[in-house]
Amino acid sequence: MANSEESNPLLPKQDEAEMKNEKKSAVPVGKNIGAPLSAAIPVGWTADGLPVAESTMERTQWDSGLFSCLGRNDEFCSSDLEVCLLGSVAPCVLYGSNVERLGSAPGTFANHCLPYTGLYLMGNTFFGWNCLAPWFSYPIRTAIRRKFNLEGSSEALARSCGCCGSFVEDEVQREQCETACDFATHVFCHACALCQEGREIRRRLPHPGFNAQPLLVMIPPGEQTMGRRA
């Protein structure tokens with residue numbers, strides 16, 4: 001009978017009851033239990049966009065500027081020229097490559113390159129300029145900024161000229177403002193934004209194909225014939 005009672009999931013377990021009693025006894029007396037803890041802990045944003053303590057709120061700068069289309073004279077100079085060429089001639093390929101490096105999931109390139117191409121052609125056909133694709137592509141800039149803990153446009157403006165430094169005090173509102181700035185950057189400086197994101201990703205993340213393991217191909221030996229003696 002004792003074994004059947006312990007295996008019955010409908011009966012309360014003794015261990016869970018003891019744990020609940022220990023948690024109740026561990027609550028300090030004289031503290032205001034109902035007081036919110038967020039008032040004592042300053043909230044910030046991590047690289048993934050999650051709220052954390054204020055000590056990690058400082059963000060790093062982008063590796064290259066928005067209008068540094070030719071990149072820098074370093075070991076990535078050839079890659080920077082390729083990014084500049086793709087951003088000028090085939091932005092759909094550059095956008096798909098950026099998402100593929102950032103996501104590293106099968107089919108990521110085609111799933112983003114093809115819709116971007118359709119929006120690019122529709123915008124240039126009906127409106128005369130690429131006004132539809134930025135609505136589809138701007139979230140990658142926010143994802144890059146959060147993943148690598150990079151500063152946004154308003155923070156860069158506040159750092160460079162000292163203006164607009166504290167017009168948004170709340171971190172959630174500040175992040176919403178930075179997301180709006182990401183959208184505006186893609187709308188008004190779309191090619192430059194894609195190139196900047198491409199340079200940043202290529203310096204931080206290798207291409208997913210570089211991580212593939214080499215395949216060992218076993219080639220069977222050829223047929224051997226015994227020579228006849230004269």
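## Helix 3 and its two sides

In this predicted model, the buried residues of helix 3 are Ser 79, Asp 80, Val 83, Cys 84, Leu 86 and Gly 87; buried means under 20% relative accessible area, exposed over 50% and partly exposed in between, with a 1.4 Å probe and protein chains only. Seen down the helix 3 axis, these buried residues fall within an arc of 165 degrees, so they line one face of the helix. That arc is taken from the directions from the helix axis to the C-beta atoms. As background, an α-helix has 3.6 residues a turn, so residues three or four places apart point the same way.

On the other side of helix 3 you will find Ser 78, Leu 85, Ser 88 and Val 89, which are exposed. Helix 3 covers residues 77-89, 13 residues in total, and spans 18 Å from its first C-alpha to its last, close to the 18 Å expected (1.5 Å times one less than the number of residues).

## Packing and the nonpolar core

The buried residues of helix 3 pack against helix 4 (91-103) and helix 10 (190-204). Leu 94 touches Val 83, Leu 86 and Gly 87, and also Leu 194, Cys 195 and Arg 202, leaving aside residues up to four places away in sequence; a contact means heavy atoms within 4.5 Å.

Leu 94 also belongs to the largest nonpolar core, which has 19 residues; Leu 94, Tyr 95, Leu 102, Tyr 116, Ile 140 and Ile 144 have the most contacts inside it. Such a core is a set of buried Ala, Val, Leu, Ile, Met, Phe, Trp, Tyr and Cys residues joined through side-chain atoms within 4.5 Å. At least two residues of this core come from each of helix 3, helix 4, helix 5 (108-126), helix 7 (139-147) and helix 10. Helix 4 gives the most, with five residues.

## The whole chain

The protein chain has 10 helices and zero strands, where helices (H or I, at least four residues) and strands (E, at least two) are DSSP runs numbered from the N terminus. Of its 230 residues, 30% count as buried. Among contacts between residues at least 6 apart in sequence, 67% join residues at least 24 apart.

## Confidence and conventions

The chain averages a pLDDT of 75, and 62% of the residues score at least 70; pLDDT is the predictor's confidence in each residue, from 0 to 100. Over residues 29-44 the pLDDT is below 50, and over residues 50-56 it stays under 50. Where pLDDT is low, the predicted coordinates should not be read in detail.

Residues are numbered from 1 along each chain as its sequence is written, and side-chain values use heavy atoms, with hydrogens and water left out. Local features need pLDDT of at least 70 and side-chain atom pairs count only at pLDDT 80 or more, while totals for chains, interfaces and linings use all residues.
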